[in-house]
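Subject: Structure for your review

Dear colleague,

Please find below the structure that I agreed to hand over. I would be grateful if you looked through it before reading the notes that follow.

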Amino acid sequence: MAARTLVVDNGAATIKFGFADEDTPYRTFANNITRSKAERKTFVGDQLETCKDFSGLYYRLPFEKGLLTSWDVEKQVWDRLFNGKIVPCNPSATTLLISEPILNLPNIAATYDQLVFEEYGFHSYTRMSAPQMAMYNEIPRLYGQKMTSGKKRVDCAVVVDSGYSFTHIIPFWKGKPILVGIRRINVGGKLLTNHLKEIISFRYWNMMDETYLVNEVKEACCYVSNKFWDELDICKKSPRANKILQHYVLPDYSSQQRGYVKGGSRSRQRKNKGKGPGKMDLDDAEDETNEADCEEKAYSDQSDGDSDEDMSEPNEDEQVLTMNNERFTVPEILFNPSDIGMDQAGIPEAIVDAISSCDEGTNFKHVRLKIQGMLYANVVLIGGNARLPGFRKRVANDLREIAPSEYEVRVGIDKDPFGYAWKGAKRLATMEEFASEFKNRLVTRAEYLETGSALCESRFRSAV
């Protein structure tokens, strides 16, 4: 019987997993171990879903600065995933396709091999970075086009992976990363959440221990502004004239387990009554999402059914957090890290720098390539931060301003950028056109026991 393929995108904050031969969507759970102060319980991975009081959670994370450093934590999480507690997985009859950090260190990569084969006993496996997984998707569909007949994937693309620890910009040629063009920005979702914690703790009340709650606030309220200075002026106006101002009702973890934006649910219901955007209408969908962030979730002076009292007046029994310019100044760090004293370029500048390093004189595999134009025309956004409303539009606008005028700039984003890498890995494992490539990447347990990690390193890196 042929081995089933389990696809795992082992992110620093969240694991995405599922069998490649199933039609069901991928599943997720937290890639950490948490300890609840209130309940005095420890939660491993998916067990966090059973927590009843998320206040003051203490986190133990397997990843530090984008690299897997705490194997004790990761092994406990993987135990729940690979030992049949989460998915019906029989490792001896399963092929594992798992993600690894970009430019992973050799000693960390060797530990991957050791655990996969010696601890869990998988039949065979391969590993690659999440951006490399994303390259197996039909990228032209992000721009409303179809794959060229006879082609398995695009020749050139720049994948911008903005995740938990960092933001990476990786140019690809023929599915392989151009190493001289890889750029890293030390800004990710973790930094944004920590910065928002500091702002709230300074302006309102101390929430430095409320990482889980502040992260929920960030995901519910924050967005990327495309008119930063204009919206900053709006934030200075009175509450009735300030469409950006929001009230976030905090949970009390007794009668209410999750927070919510005051007045937001009714507005979303009204918006959802209309016909949703088509699958290819990504520009319109992004514009609607950005408007929805300012109009649905924000303080509003529109008289379309919601009273001012419902939208703006907190009840006495509610604990309310006021979100004003924090909503867009925190994500602005992705585009201007210097706002918090970091001497680094923002995402659009880093993209230009990455592409410029792949200039017309780039000697890649002894072939002189003229690829800058193709790279600018295939910029792909993935990762958790790409879900921020307005993100794609801001990257596209800023990139168009600083990119050479002779090049067309196209920035694409999937409707689910969070799981885009996992979907690409699934295509690699299931599509007939990738069958030989996938087979050549795999290392079996028998081969590993005979040759060790040296074979894994040579076979996996041969694709890089």
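The buried residues of helix H14 are Tyr420, Ala421, Trp422, Gly424, Ala425, Lys426, Arg427 and Leu428. The helix spans residues 420-430, and because eight of its eleven residues are buried, H14 is largely enclosed by the rest of the structure. Please bear in mind throughout that this is a predicted model.

The surroundings of H14 include a sheet. Six strands make up this open sheet, in the order E3-E2-E1-E9-E10-E22, with mixed pairing. Strand E3 (27-30) and strand E22 (443-444) are at the edges; each has a single partner strand, so one side of each is left without a neighbour in the sheet. Within the sheet, strand E1 (residues 4-10) and strand E9 (residues 94-100) run parallel and are joined by five bridges. One example is Thr5, whose bridge partner in E9 is Thr95. H14 packs on this sheet and touches E1, strand E2 (14-19), E9 and strand E10 (124-129), while its direction makes about 155 degrees with that of E1. Helix H17 (residues 453-461) also packs on the sheet, where it touches E9, E10 and E22. The direction of H17 makes about 50 degrees with that of E10.

Strand E9 also contains Thr94. With 3% relative accessibility, Thr94 counts as buried. A polar atom of its side chain lies 2.7 Å from the backbone oxygen of Asn90. Setting aside residues up to four places away in sequence, Thr94 touches Ala3, Arg4, Leu6, Phe19, Cys89, Phe122, His123 and Ser124.

A second strand deserves your attention. How many of the seven residues of strand E11 (residues 156-162) are buried? Seven of the seven are, so E11 is largely enclosed by the rest of the structure. In a regular strand, side chains alternate between the two faces of the sheet. Both faces of E11 are covered: Cys156, Val158, Val160 and Ser162 are buried on one side, and Ala157, Val159 and Asp161 are buried on the other.

E11 pairs with strand E12 (residues 167-173) in the antiparallel sense, over seven bridges. In this pairing, Val160 has Ile169 of E12 as its bridge partner. E11 and E12 form a hairpin, with four residues between them. E11 also pairs with strand E20 (residues 379-382), in the parallel sense and over four bridges. Here Asp161 stands opposite Ile382 in E20.

Cys156, in E11, has a relative accessibility of 2% and therefore counts as buried. Why does Cys156 not form a bond with the closest cysteine sulfur? The sulfur of Cys156 is 8.4 Å from that sulfur, in Cys358, which is too far for a bond. A disulfide is a covalent bond between the sulfur atoms of two cysteines. The structure holds zero disulfides. Another cysteine, Cys235, also counts as buried, at 8% relative accessibility.

Leu375, which lies in helix H12 (residues 372-376), is linked to this region. Its relative accessibility is 0%, so Leu375 counts as buried. Leu375 and Cys156 are 219 residues apart in sequence, yet 5.6 Å apart in space, C-alpha to C-alpha. Leaving aside neighbours within four places in sequence, Leu375 is in contact with Cys156, Ala157, Val158, Pro171, Phe172, Ile355 and Cys358.

Two further residues may be of interest to you. Tyr448 is found in helix H16 (residues 445-451) and counts as buried at 7% relative accessibility. Tyr448 and Phe117 are 331 residues apart in sequence and 7.6 Å apart in space, C-alpha to C-alpha. Apart from neighbours within four places in sequence, the contacts of Tyr448 are Asp113, Gln114, Phe117, Glu118, Val443, Ser453 and Cys456.

Ser225 is found in the loop between helix H5 (211-221) and helix H6 (228-234). Is Ser225 buried or exposed? Ser225 is buried, because its relative accessible area is 1% and the cut-off for buried is under 20%. The side chain of Ser225 reaches the backbone nitrogen of Phe228 at 3.2 Å. Leaving aside neighbours within four places in sequence, Ser225 is in contact with Glu231, Phe328 and Arg394.

Yours sincerely,

A colleague

Terms used
Residues are numbered from 1 along each chain as its sequence is written. This is a predicted model: local features need pLDDT of at least 70, side-chain atom pairs count only at pLDDT 80 or more; totals for chains, interfaces and linings use all residues. Side-chain values use heavy atoms; hydrogens and water are left out. Buried means under 20% relative accessible area, exposed over 50%, partly exposed in between (1.4 Å probe, protein chains only). Helices (H or I, at least four residues) and strands (E, at least two) are DSSP runs, numbered from the N terminus. Two strands pair if DSSP finds at least two bridges between them. Contact means heavy atoms within 4.5 Å. Axes are lines fitted to C-alpha atoms, for helices over the stretch in contact, and angles run from 0 to 180 degrees between N-to-C directions. A disulfide is a pair of cysteine sulfur atoms within 2.5 Å. A polar contact is a pair of N or O atoms within 3.5 Å; within protein, one must be able to donate a hydrogen and the other to accept it, and residues adjacent in sequence count only if both atoms are side-chain atoms.
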